[in-house]
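Trainee: Could you take me through a close look at how side chains pack together here? I would like to follow one connected story.

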Amino acid sequence: MSERTAATTDPDATDGADDSTETPTEITSGSTSVVRALENAGVETAFGVQGGAIMPIYDALYHSDIRHVTMAHEQGAAHAADAYGVVRGDPGVCLATSGPGATNLVTGIADANMDSDAVLALTGQVPSDMVGSDAFQETDTTGVTAPITKHNYFASSPDTVGDTVGEAFALAAEGRPGPTLVDLPKDVSLNETDREPGPAQAPETCRARTDPADSQVEAAARAIERAEKPLLLFGGGVVKADATEVARQFATEHRIPVVTTMPGIGAMPEDHELCLSWAGMHGTGYANMAITHTDCLIAVGTRFDDRLTGGIDTFAPEAEVVHIDIDPAEISKNVHADYPVVGDAGRAIERVDAELDEGPDAREWVDQCLTWKDEYPMDYAAPDNEPLKPQFVVEALDEATPDETIVTSGVGQHQMWAAQYWTFTEPRRWVSSHGLGTMGYGLPAAIGARVAADDDETVVCVDGDASFLMTIQELSVAVRENLDITVAILNNEYIGMVRQWQDAFFEGRRMAAGYDWCPQFDKLAEAFGARGWTVDSYEEVPDAIEEALAYDGPSVIDFHVDPAENVYPMVSSGGANGKFALSEDQL
């Protein structure tokens, strides 16, 4: 239940089911103008934490139909807003007060920036005449966040603050998505105005080019026609552009194998014959083999980060590269693009498809990719005399849940196992921290995803014990809001990926990687008001999952998994994708 709803005591008040009866916020001040701008932009939900400098905005929200979810920590608010936007396809909104409230948002804002997720952050600030005086809870928020936002704003007038907020919201979603921030001095929020803010629009100077140039389309089409071993690489940009249908159609029409990045998971159904799953450091062996041997890499909506490419000089060494991206700054930034195509992912694919005289004949190449699938299967050993394997848990969760289940995760080994062993068939179902690699992302992201999802959709958070402990306080939010989420902790009593690297590259010196003592997460869940289970054996897995999923509310399953289990395949940092290791002795 939101704060606004909880505060409603009028027995004649409507339940808000009929949107046509909703009354826009009356504009009397800067703060009410901010809320009206959010309403005009279609914002339905915001996540945040109250405080002195942001209090006028909250007071205006009290009279709005925008739902507010109070988080336990501002970092959780930013992650929840991020995940909400990923699932919905619209910018998520988070709020925090000045000083520590604003700085606590920074990790979440940086995370959204690295993953190109649309988020609008609203931060309170000390009154304008006190800025620079080291006032109580003052921080140079715009200075701190300038490197990690698409743009940030310092509001200067109650007459224009609504327009500023609307512009920031629209800019977050324009072109390549990303976070924006508006810093709101308390006097700007409190001072009077009756000026109606305009519609939410990004500045003309920031409008992205959506339709690619004819010459770029023609050159890319000719390169694809020449290819004997073409390979499609779908990145997160395909999902963010809502281009999955046109991308899938292109792949199947021309019988071109598909590899995804981790943010691109779900762009192509992973159970489709042409899908080789995701590539990179812990991607499938067959995806990395395809990248290594393709002669034409058609990359759509990817920034070619180091976790995907390994060593740039060994990445797709035999390929001409067609790079489609809406952000011209990404073209040839990391991997040289022989054929750049700047534009919206969906529109660019349609244009290239229309330009093709005939698609490539890749039948032998498809057969080779299928052979690699057989040669390098994603499997694992699960002897009865060893502890529970985390991969088994992920597969059991996948089997027990609907196909369109939304999966969030923290960062570490559990994240890789979830991405490897869950079969994703739709976009916006995999919600994780990729570029920044933020431990603790999973639980607040599950809250944001749950609020964004339809009531009949399932939300599961696959977390690690170390990641879960970083944001465990957000479990109180899930209980208070009665959110139906299932948290599956793959508990190996380590910061598992750190331990794996220490064993492989630091001669087994496990400094600060293990927990000599780990809390009983099932008991902690019960203390918060959630349901909890502990699972130690294969036999207990099915019943615990069934009971947790059936529970209408937040539940936590503490799976005690093999602490010695490692994530493979693995490409050494900076190594060649085609030289992936399947065990530690191959690194």
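Mentor: Happily; we will start with the core and then turn to a pair of helices. This is a predicted model, so local features need pLDDT of at least 70 and side-chain atom pairs pLDDT 80 or more, while totals for chains, interfaces and linings use all residues. Residues are numbered from 1 along each chain as its sequence is written, and side-chain values use heavy atoms, leaving out hydrogens and water.

A nonpolar core is a set of buried Ala, Val, Leu, Ile, Met, Phe, Trp, Tyr and Cys residues joined through side-chain atoms within 4.5 Å; buried means under 20% relative accessible area, with a 1.4 Å probe and protein chains only. The largest such core has 49 residues, and F47, M71, C94, F468, L475, I485 and V487 touch the most other members. Helix α4 (residues 74-88) supplies the largest share, eight residues; helices are DSSP runs of H or I, at least four residues, numbered from the N terminus.

Now zoom in on F468. Leaving aside residues up to four places away in sequence, F468 touches L443, D463, L475, V487, I489, F521 and V556, where contact means heavy atoms within 4.5 Å. There is also a second, separate core of 34 residues, with I224, A227, V238 and Y339 among them.

Finally, look at two helices packing together. The axes (lines fitted to C-alpha atoms over the stretch in contact, with angles from 0 to 180 degrees between N-to-C directions) of α12 (residues 285-293) and α15 (residues 363-375) come within 8 Å and cross at roughly 145°. Y286, M289, A290 and H293 of α12 meet W365, C369, W372 and K373 of α15.

Note on methods: Buried means under 20% relative accessible area, exposed over 50%, partly exposed in between (1.4 Å probe, protein chains only). Helices (H or I, at least four residues) and strands (E, at least two) are DSSP runs, numbered from the N terminus.
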